[in-house]
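User: Please take a close look at the barrel in this model and describe how its strands are arranged and what packs around them. Some context on the rest of the chain would also be welcome.

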Amino acid sequence: MQNENKSNTPVIGILEWFRPGEYQEVENTIKDLKNLGITHLRTGVSWADWYVEGTEEWYDWLFAELGKHVEILPCFLYTPPSLGETAKTSSPPKYLKSYADFLDLMINKYGEYFDWVELWNEPNNKVEYDFTMDYSWHKFSKMIDMASYWAKEKGKKTLLGGMSPIDPNWLHMMAENGTLENIDAIGIHGFPHVFDQQWEGWEENIKQVKRVLKRFDLEKELWISEVGFSTWQNDEVKQYEEFKKVINTSADRVYWYSLKDLHAKNPTVGGFHLDEREYFFGLKKTDGTKKLLYKLLENGGIENIQNHSYIRKQYVLKDEEQYSLITGGAGFVGTNLAARLLSAGKKVMIYDSLFREGVEKNLQWLQEKYGDQLIIQIADIREKRILEESVRNASEVYHFSSQVAVTTSLTNPLLDFQVNLQGTFDLLEAIRKSEHQPPLLFTSTNKVYGDLNDLEMKPNETRYYPSDKTIEENGIGEDRALDFHSPYGCSKGGADQYILDYSRSYGLKTAVFRMSCIYGPHQFGTEDQGWVAHFLISALEDHPVVIYGNGKQVRDILFVEDLVDAFVLARKNIDKISGEVYNIGGGPKNTVSLIEILNLIKEKAGKEMDISFEDWRTGDQLYYVSDTSKFQQATGWTPKHSVEEGMEELLQWLCKTRNIQIKDNPRSSAKAMVL
Ligand SMILES: C[C@H]1O[C@H](OP(=O)(O)OP(=O)(O)OC[C@H]2O[C@@H](n3cnc4c(=O)[nH]c(N)nc43)[C@H](O)[C@@H]2O)[C@@H](O)[C@@H](O)C1=O
């Protein structure tokens with residue numbers, strides 16, 4: 001991916017600061033850089049830390065380890081308190097030459113691992129260098145002068161610590177002081193729309209710097225040695241857009257800040273946790289979740305980063321013709337509904353953060369098939385203003401945007417709460433405040449009924465069945481008491497209740513589907529959620545499957561086209577059904593246990609699967625089958641696909657999209673896969 005040879009594209013690196021002892025962080029960084037195809041790393045070397053016991057061993061290890069994998073750009077900074085005019089790291093040193101001495105030591109010890117040295121960091125930022133102690137900057141100039149002279153003597157190239165803010169007057173002064181004599185590259189830092197509010201664009205800044213250099217007849221490289229965008233407002237698209245912009249500049253080199261978000265427990269250079277923006281510059285979150293830009297780099301590399309035409313965001317929408325708004329529209333259910341509405345000639349806006357792995361393929365498919373009829377809004381449901389803007393011209397809203405897995409809700413309850421409950425609340429408010437107040441249809445879940453442990457179950461060889469014959473014949477009705485289990489149950493259940501109440505309290509037109517398990521084409525099932533597709537994908541790709549519980553748990557599965565029918569009917573009958581909740585699933589005619597589905601898959605695949613068993617999951621239901629009669633009576637809806645037919649369609653789609661050929665299987669009416 002490196003583009004050192006292309007004269008018109010900067011070399012791209014990453015910037016990551018390590019604290020002494022963060023061995024694992026370093027190893028993780030190396031792995032990530034490999035993953036992203038990035039071979040340049042800028043990192044800080046603290047002069048102050050050097051005198052702390054154990055630090056020398058740390059840097060011995062750090063340079064040797066990083067040196068094996070990446071081109072290091074070490075940035076040498078921070079005055080040891082004992083050597084400063086005052087006892088702080090931003091102070092000028094008492095003896096200005098001591099910085100050059102430190103550099104000499106560093107180059108002697110570690111010089112084999114780098115070609116360039118960076119002299120200080122953000123000198124015109126008072127937090128990094130207290131220039132109030134150096135009125136005409138003579139101390140700084142002298143310090144850099146000696147260090148750069150010595151670094152050059154030792155065969156290294158020199159980068160002047162990046163200006164932040166970019167200040168041509170300051171650079172002019174440095175040039176006048178003669179500080180640039182032994183400098184090979186000028187660094188600039190920029191954080192467009194995060195810290196740099198008045199942002200005129202990279203080229204304007206570069207032009208100003210080059211003008212100064214020209215004035216003094218100096219030929220220097222120009223490096224953007226630090227640039228980043230904080231996703232503190234969940235705006236991952238903007239992070240991607242800023243990255244695209246900076247790698248398109250005329251700079252010679254660019255270092256992106258950073259790989260990983262700063263953990264909330266850490267102070268920033270400015271001190272304690274005060275400014276939220278400081279914590280979200282990473283390509284990954286602190287829990288390791290990959291942000292949009294990381295995923296795009298990982299999957300397509302830098303060379304393709306400009307080519308993701310489906311990633312579009314519109315901060316302000318023109319008043320144009322109305323559209324159906326589908327939040328979470330690139331997901332499984334959203335894509336199927338969108339395709340139906342688009343085929344019928346409607347305009348559709350897909351609002352999606354592309355959080356779930358693989359869903360960008362759904363979006364690309366819709367875009368290719370329906371072109372301009374599709375309006376794309378890549379945004380997070382937590383971006384309140386974009387959400388309000390998107391609701392403005394919606395003729396109806398289908399709200400599918402969600403954290404979908406019980407497992408994830410247990411490990412990350414905050415995300416689950418913010419996306420499922422806060423996100424739904426913000427959407428309701430956006431609708432309430434809008435002029436048209438479009439109707440809202442929502443996918444809730446069977447998890448709002450809890451673990452259903454009071455229902456007596458009997459097992460046979462392959463499944464549980466209820467002792468109560470009425471439950472067996474009809475399933476679970478909407479009159480079942482609510483009993484939220486797991487953070488997921490609470491967040492979806494809370495959203496479900498808010499939506500019903502906004503109909504009651506404010507007269508909005510809303511309806512809620514409490515869904516059982518849906519399956520079908522465009523589903524990217526994982527171990528955490530979407531088990532039918534997950535099992536089938538595992539069979540196709542020869543992956544082992546873990547069954548949580550004994551595999552006899554039963555669900556009524558519903559083919560996605562039947563669910564889409566239900567949405568179309570719900571929309572048509574919204575005046576009649578507003579304020580109501582409906583259990584939606586395959587119903588008593590389409591029940592299966594996990595073991596039974598696995599048997600069906602084995603039959604279709606014509607081969608054995610690698611299956612193991614683990615403990616039950618928290619709050620799991622042994623049996624859940626929807627009583628769908630309330631919705632059937634209200635709208636005339638009925639599911640049309642049997643399990644066998646639906647599974648066949650899912651299988652065909654998976655084979656087609658994964659390039660797996662199928663041939664006639666003598667052992668079943670379906671096909672067998674040739675892998
Ligand atoms: C209604 C519900 O539907 C969807 O979630 P789902 O995961 O498709 O379904 P589920 O949780 O109701 O059922 C899966 C059953 O299968 C068991 N099970 C065993 N072993 C694996 C396993 O390896 N993977 C999975 N996914 N499940 C497994 C798991 O313990 C459970 O008993 C989402 O829309 C969700 O948002 C939602 O609301």
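Analyst: The description below begins with the barrel, moves to the helices, and ends with the rest of the chain.

The model is predicted. In it, eight strands close into a barrel, following the order β1-β2-β3-β4-β5-β6-β7-β8, and their pairing is parallel. Neighbouring strands of this sheet are turned against each other by 30° on average, with direction ignored.

One pairing within the barrel can be examined in detail. Strand β5, residues 157-163, runs parallel to strand β6, residues 185-190, and three bridges join the two. At M163, the bridge partner in β6 is I188. Helix α6, formed by residues 202-215, packs on the sheet and touches β5, β6 and β7 (221-227). The direction of α6 makes about 150° with that of β6. Strand β5 also meets a second helix: α4, residues 138-153, lies across β4 (116-119) and β5. Helix α4 runs at about 150° to β5.

A contact between two helices follows. Two packed helices are described by the angle between their axes and the distance between the axes. For helix α7 (residues 236-246) and helix α8 (residues 292-300), the axes come within 8 Å and cross at roughly 50°. The two helices, α7 and α8, are therefore oblique to each other. On the α7 side, the contact involves E236, V237, Q239, Y240 and F243, which meet L292, L293, L296 and L297 of α8. Sorted by class, the contact of α7 with α8 comprises seven nonpolar residues, one polar residue and one charged residue.

Beyond these elements, the unreviewed UniProt entry carries the annotation "domain: NAD(P)-binding" for residues 325-649. This span, residues 325-649, is 43% helix and 20% strand, and its end C-alpha atoms lie 27 Å apart. Another parallel pairing joins strand β16, residues 510-515, to β20 over five bridges. In that pairing, R514 stands opposite N583 of β20. Four of the five residues of β20 (residues 580-584) are buried, so this strand is largely enclosed by the rest of the structure.

Finally, the protein chain as a whole contains 21 helices and 25 strands. Its C-alpha atoms fill a box of roughly 90 × 55 × 45 Å along the principal axes. Of the 675 residues in the protein chain, 56% are buried. Among contacts in the protein chain with a separation of 6 or more, 79% are between residues 24 or more positions apart.

How values were computed:
Residues numbered from 1 in each chain as written. Predicted model: local features only at pLDDT ≥ 70, side-chain atom pairs only at ≥ 80, totals over all residues. Heavy atoms only, no water. Axes fitted to C-alpha atoms, helices over the stretch in contact; angles between N-to-C directions. Parallel < 35°, antiparallel > 145°, perpendicular 65-115°, else oblique. Contact = heavy atoms within 4.5 Å. Nonpolar A, V, L, I, M, F, W, Y, C, P; charged D, E, K, R; others polar. Pairing = 2+ DSSP bridges. UniProt positions renumbered as here; feature names shortened; annotations may be inferred. Buried < 20%, exposed > 50% of the residue type's maximum accessible area, 1.4 Å probe, protein only.
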